[in-house]
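User: I've got a structure open and I'd like to go through the reasoning behind its labels. Can you take my questions one by one?

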Amino acid sequence: VLTIVNSIGLNEQELLFISQAGSGPHSLQKHWNGAPDVGMVSDIIFWLLKEYGRTDSRKDSDLTRLHFHTLAYHILATVDGYWNNQISSLVAGARVAGNQACGTDAIDPTKVVLEFPKEFVLSQTDGLLKSKKVTLNPANPVHTWHRENISFFITPVLICVNPIPVPVLLGSDPALLLLVRVLAGGDPAPEDIPVRVLAGDPAPEDTPVRVLAGGDPDPLLWSV
């Protein structure tokens, strides 16, 4: 499943589920305790792209981009040579999350809070990355780092204090269930589950939308 999409978006539960199903890093962790640790999240993202992504031109995979979103921050990871404007797209996604939650067109500083850690490490398994603590710079909140041929970008999210009760589409549960079952060696989702497209970000404008289970892309969810 992962190898037939260009880009995927995952939240903290979905990312941990995939690592558990595929025996990835930190897979023994049953759940997150509070905000997901940045170093652990980046370890799982790195493993996922190395294992299932096109990090080698000889690999039969189209996956080159992963957008991780949790309440306090977003991480974008891309295989080098395939994507542009990563910082702009990451910041735009984080800003929209705050705007939608508060129901405003622009961020109102009186209605949001910052819960991003002041210090964090970029990995819990890579010795060099783990040894260096990163401090949040309010003047330039986007931090970039590289691990082999994968580039990582992280930015805080301004959290709405009193979010309005508006449903926000963040993913597709049937698609996630199908993904976890396939990684764990199980059968595809039953036919009565209308799996359409994998949860996450649309493919780039010059790339056809990829479909998981042969269904047509839903025009309400995708635009190309």
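User: How many helices and strands are there in the chain?

Analyst: The chain has five helices and nine strands. Keep in mind that this is a predicted model. Along the sequence the pattern reads β-α-α-β-β-α-β-β-α-β-β-β-β-α.

User: What is the strand order in the open sheet?

Analyst: Five strands make up this open sheet, in the order E1-E2-E3-E8-E7, and the pairing is mixed. The edges are strand E1 (7–10) and strand E7 (143–147), since each of them pairs on one side only. On average, neighbouring strands of the sheet are turned by 15 degrees against each other, direction ignored.

User: What makes the pairing "mixed"?

Analyst: Take the pairs one at a time. E1 and E2 run parallel and are joined by four bridges; Ser-7 stands opposite Arg-65 in E2 there. E2 and E3, on the other hand, pair in the antiparallel sense over five bridges, with Ala-77 in E3 as the bridge partner of Leu-66. E2 and E3 also form a hairpin, with three residues between them. E7 and strand E8 (residues 150–156) are antiparallel too, over five bridges, and Arg-147 stands opposite Ile-150 in E8. Two strands count as paired with at least two bridges, so the four bridges of E1 and E2 qualify.

User: Which helices pack on the sheet, and what do they touch?

Analyst: Helix H1 (residues 12–21) touches E1 and strand E2 (65–69), and its direction makes about 110 degrees with that of E1. Helix H3 (residues 86–102) touches E2, strand E3 (73–79), E7 and E8, and its direction makes about 155 degrees with that of E3.

User: How do you know that E2 is mostly covered?

Analyst: Five of its five residues are buried. Both faces are covered: Arg-65, His-67 and His-69 are buried on one side, Leu-66 and Phe-68 on the other. The two-sided split fits a general point: in a regular strand the side chains alternate between the two faces of the sheet. For the chain as a whole, buried residues make up 43% of the 224 residues.

User: Why is the pair of Tyr-73 and Phe-116 called edge-to-face?

Analyst: The ring centres are 5.8 Å apart, and pairing asks for centres within 6.5 Å, so these two rings pair. The planes stand at 75 degrees, and over 60 counts as edge-to-face, so that's the label. By this rule there are five aromatic pairs.

User: What parts does that pair tie together?

Analyst: Tyr-73 is in strand E3, while Phe-116 is in the loop between strand E4 (112–114) and strand E5 (119–121), so the pair ties together parts that are 43 residues apart in sequence. Tyr-73 has a relative accessible area of 1%, and buried means under 20%, so it is buried. Phe-116 comes in at 7%, which puts this residue under the cut-off as well. Tyr-73 and Phe-116 belong to one aromatic cluster with Phe-68 and Phe-120.

User: And why are Trp-145 and Phe-152 stacked?

Analyst: Their planes are 5 degrees apart, and under 30 counts as stacked; the centres, 5.1 Å apart, are within the 6.5 Å limit, so the pair is stacked. Trp-145 is buried at 5% relative accessible area, and Phe-152 is buried at 0%.

User: What is Phe-152 in contact with?

Analyst: Phe-152 lies in strand E8. Leaving aside neighbours within four places in sequence, its contacts include Ser-42, Ile-45, Phe-46, Leu-76 and Trp-145. Phe-152 and Phe-46 are 106 residues apart along the chain, yet their C-alpha atoms are separated by 9.1 Å.

User: What makes you say a charge sits over the ring of Phe-46?

Analyst: The charged end of Arg-147 is 4.2 Å from the ring centre, and the distance limit is 6 Å, so that part of the test is met. There's another case of this kind: Arg-65 lies over the face of Trp-83, at 5.1 Å from the ring centre.

User: Is Ser-61 buried or exposed?

Analyst: Buried: its relative accessible area is 3%, and the cut-off is under 20%. Ser-61 lies in the loop between helix H2 (38–52) and E2. Leaving aside neighbours within four places in sequence, Ser-61 is in contact with Thr-3, Tyr-52, Gly-53 and Arg-54.

Methods
Residues numbered from 1 in each chain as written. Predicted model: local features only at pLDDT ≥ 70, side-chain atom pairs only at ≥ 80, totals over all residues. Heavy atoms only, no water. Helix = DSSP H or I, 4+ residues; strand = E, 2+ residues; numbered from the N terminus. Axes fitted to C-alpha atoms, helices over the stretch in contact; angles between N-to-C directions. Contact = heavy atoms within 4.5 Å. Phe/Tyr/Trp six-rings, centres within 6.5 Å; stacked < 30°, edge-to-face > 60°. Buried < 20%, exposed > 50% of the residue type's maximum accessible area, 1.4 Å probe, protein only. Lys NZ or Arg CZ within 6 Å of the ring centre and 35° of its normal.
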